[in-house]
Amino acid sequence: MYLSKCKPILHCMTTETKPKLCLNCDKPVKGRTDKKFCDDYCRNNYNNQLKSNTINLVRNINNALGKNRRILEDMFNPGDETVKTTKSKLLQKGFQFKYITQTFTNKKGSTYFYCYDFGYLPLEGDWYLLVKQKEE
Ligand SMILES: [Zn+2]
């Protein structure tokens, strides 16, 4: 069986030295140079994977924020306006400082970090002041 002969040599070289790889299965993609996938299966698979990675990422961050809020809330006794605690206590309970929902800087320049309606203000040393957002 004859394979079609490549007439323009240059064309053969450029297509062979730069095989486009399928984003899903890493096999060389045949056909148009702008194709990114072998076929619909590979495209769907790739896109579903991306989507589920995003869903997992969002879910994990939401869970972490919810847990942070719960940890802050648990430090309050009924009637407490504010609570003083330490960084190590918060870490012990699994608090993740990188997850916050918003910040608030008061006129004195102190920045409060919030997880929804509960927040904290870093104090001197290892200490933290926990606050509740007041109803507006
Ligand atoms: Zn593929």
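User: Why does Tyr 116 count as partly exposed?

Analyst: Tyr 116 has 16 C-beta neighbours inside 10 Å. A residue is buried if 20 or more other C-beta atoms lie within 10 Å of its own, exposed if 12 or fewer, and partly exposed in between, with C-beta atoms placed from the backbone. So 16 puts Tyr 116 in the in-between class. Keep in mind that this is a predicted model, where local features need pLDDT of at least 70 and side-chain atom pairs count only at pLDDT 80 or more, while totals for chains, interfaces and linings use all residues. Residues are numbered from 1 along each chain as its sequence is written.

User: What makes the backbone of Tyr 116 stand out, and where is that residue?

Analyst: Its phi is near 60°, a positive value in a residue other than glycine. Most residues other than glycine have a negative phi. Tyr 116 is in the loop between β3 (111-115) and β4 (118-122). Asp 26 also has a positive phi, about 65°, and is not a glycine. That one belongs to the loop between α1 (9-17) and α2 (40-74).

User: Is Asp 26 buried or exposed, and how do you know?

Analyst: Exposed, because Asp 26 has 9 other C-beta atoms within 10 Å, and the class takes 12 or fewer.

User: And why is Gly 66 called partly exposed?

Analyst: Gly 66, in helix α2, has 13 C-beta neighbours inside 10 Å, so the count falls between the two cut-offs. Its C-alpha atom is 9.9 Å from that of Ile 100, 34 residues apart along the chain.

User: How many helices and strands are there, and what makes a stretch one of them?

Analyst: The protein chain has 3 helices and 5 strands, in the order α-α-β-α-β-β-β-β from the N terminus. Both come from DSSP runs numbered from the N terminus: H or I of at least four residues for a helix, E of at least two for a strand.

User: How do you know that β1 and β5 pair?

Analyst: Two strands pair if DSSP finds at least two bridges between them. Here 5 bridges join β1 to β5 (residues 127-132), and the two run antiparallel, so the pair meets the rule. Thr 85 stands opposite Tyr 128 in β5.

User: What is the strand order of the sheet, and why are β1 and β2 called edges?

Analyst: The open sheet of 5 strands goes β1-β5-β4-β3-β2, with antiparallel pairing. β1 (82-86) and β2 (102-105) each have a single partner strand, so one side of each has no neighbour in the sheet.

User: Why does Tyr 128 count as buried?

Analyst: Tyr 128, in strand β5, has 23 C-beta neighbours inside 10 Å, so the cut-off of 20 or more is met. Residues are in contact if their C-beta atoms, placed from the backbone, lie within 7 Å. By that rule, and leaving out residues up to four places away in sequence, Tyr 128 touches partners including Thr 85, Leu 90 and Tyr 120.

User: What makes a set of residues a nonpolar core, and which is the largest here?

Analyst: A core is a set of buried Ala, Val, Leu, Ile, Met, Phe, Trp, Tyr and Cys residues joined through C-beta atoms within 7 Å. The largest has 10 residues, among them Ile 71, Phe 95, Tyr 128 and Leu 130. β5 gives the most to this core, with 3 residues.

Methods. Two residues are in contact if their C-beta atoms, placed from the backbone, lie within 7 Å.
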